[in-house]
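Open the model in your viewer and colour the chain by secondary structure. The stops below go from the whole chain to single residues.

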Amino acid sequence: MIDDEIPFIVCISTDEWSMFTDNEVGTCEECGGAVQHRPHIPRPSHLICLACWKDLFDPETDDIMVTVETIREILDWRRKQRH
Ligand SMILES: [Zn+2]
């Protein structure tokens, strides 16, 4: 039984390119596929791959959030790409 109080972290597959080189590797709880995520995700979390998430996500009832730390990392990465 999945505890709904624990957040789901939507992850990309380890086969996908990521802008980050320090991602950690985990396992999708739905399909068992290898996924990658940022090291600072809330713990504990449920890991779910993008493919499984798109089938399970209900836009009427489910919320999406991005951590402030992840947004900062993405902005920092984009700044470095310009220089
Ligand atoms: Zn999956």
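Start with the whole chain, which is a predicted model. Its secondary structure consists of two helices and four strands, and in sequence order these run β-β-β-β-α-α. Turn the view to the principal axes: the C-alpha atoms fill a box of roughly 45 × 25 × 25 Å. Of the contacts with a separation of 6 or more, 42% join residues 24 or more positions apart. Buried residues make up 11% of the chain's 83 residues.

Next, select Val-10, Cys-11, Cys-28, Val-35, Leu-47, Ile-48, Cys-49 and Cys-52. These eight residues form the largest nonpolar core. Two elements, strand 1 (8-13) and strand 4 (46-49), each give two or more residues to this core. Strand 4 has the largest share, with three residues. In soluble globular proteins, nonpolar side chains tend to be buried together.

Stay in the core and centre on Cys-28. Which residues does Cys-28 touch, leaving aside those up to four places away in sequence? They are Gly-33, Val-35, Leu-47, Ile-48, Cys-49 and Cys-52.

Now move to helix 2 (residues 68-82) and select Trp-77, which lies in this helix. Is Trp-77 buried or exposed? Trp-77 counts as exposed because it has 11 C-beta neighbours inside 10 Å, and the cut-off for exposed is 12 or fewer.

For the last stop, draw a distance from Trp-77 back to the core residue Cys-52. The two residues are 25 apart along the chain, and their C-alpha atoms are separated by 27 Å.

Key
Residues numbered from 1 in each chain as written. Predicted model: local features only at pLDDT ≥ 70, side-chain atom pairs only at ≥ 80, totals over all residues. Core = buried A, V, L, I, M, F, W, Y, C linked by C-beta atoms within 7 Å. Buried ≥ 20, exposed ≤ 12 C-beta atoms within 10 Å, placed from the backbone. Contact = placed C-beta atoms within 7 Å.
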